[in-house]
Amino acid sequence: MAPNTDAEPIAKGTIPTIKQSFRDLFRWRQRVAITNEYGEVATEWQTPEPLQNPVKLFMQLSAKDWLFFIVGLLAWTADAFDFHALSIQTVKLAKYYETSKTNVTTAITLTLLLRSVGAAFFGLA
């Protein structure tokens, strides 16, 4: 394993942070900010830990963990089915509600976009 090497400090501001993060995407090493006992912050490149075998990780799951995994997978699958079933029926929905396809697809898009806002709001509550 290669020793840790010094890195330039973490950028401040939105645009410099975006530029630095984009450049860091194409490096195998990770930029890490280290704080010593005096409160001084230094930045260095560290080699990431090797990936674990996913089969070993699955073997560590208990029956309750597997149940949560299966319920989440089924909910995700049902959500995907619901989205596709709804999106291919826009003509029929527009006819039923006597509106345009544009209004129906706009309503679907806004619903999907605002789901994350609701999740964040209720996640903080």
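**View 1. Nonpolar surface patch of the predicted model.** Phe58, Trp66, Phe69, Ile70, Leu73, Leu74 and Trp76 make up a nonpolar patch of about 730 Å² on the surface of this predicted model. Helix α3, which covers residues 63–87, gives the most to the nonpolar patch, with 6 residues.

**View 2. Leu73 in helix α3.** Leu73, one of the residues of the nonpolar patch, lies in helix α3. Its relative accessibility is 41%, so Leu73 counts as partly exposed. The range for that class lies between the buried limit of under 20% and the exposed limit of over 50%.

**View 3. The open sheet of 3 strands.** The strand order is β1-β3-β2, and the pairing is antiparallel. The edge strands are β1 (5–6) and β2 (30–35), each of which pairs on one side only. In general, strands of a sheet pair through backbone hydrogen bonds, either parallel or antiparallel.

**View 4. Pairing of β1 with β3.** Strand β3 spans residues 41–46 and pairs with β1 in the antiparallel sense over 2 bridges. Across this pairing, Thr5 stands opposite Trp45 of β3.

**View 5. Surroundings of Thr43 in strand β3.** Thr43 has a relative accessible area of 10% and is therefore buried, as the limit for that class is under 20%. Leaving aside residues up to four places away in sequence, Thr43 touches Asp6, Ala7, Glu8, Pro9, Ile10, Arg31, Val32 and Ala33. Among these contacts, Asp6 belongs to edge strand β1 (5–6), while Arg31, Val32 and Ala33 belong to edge strand β2 (30–35).

Notes: Residues numbered from 1 in each chain as written. Predicted model: local features only at pLDDT ≥ 70, side-chain atom pairs only at ≥ 80, totals over all residues. Heavy atoms only, no water. Pairing = 2+ DSSP bridges. Helix = DSSP H or I, 4+ residues; strand = E, 2+ residues; numbered from the N terminus. Patch = residues over 30% accessible without salt bridge, like charges linked within 9 Å, V, L, I, M, F, W, Y side chains within 5 Å. Areas by Shrake-Rupley, 256 points an atom, 1.4 Å probe, with all protein chains shown as cover. Salt bridge = Lys/Arg side-chain N within 4 Å of Asp/Glu carboxyl O. Buried < 20%, exposed > 50% of the residue type's maximum accessible area, 1.4 Å probe, protein only. Contact = heavy atoms within 4.5 Å.
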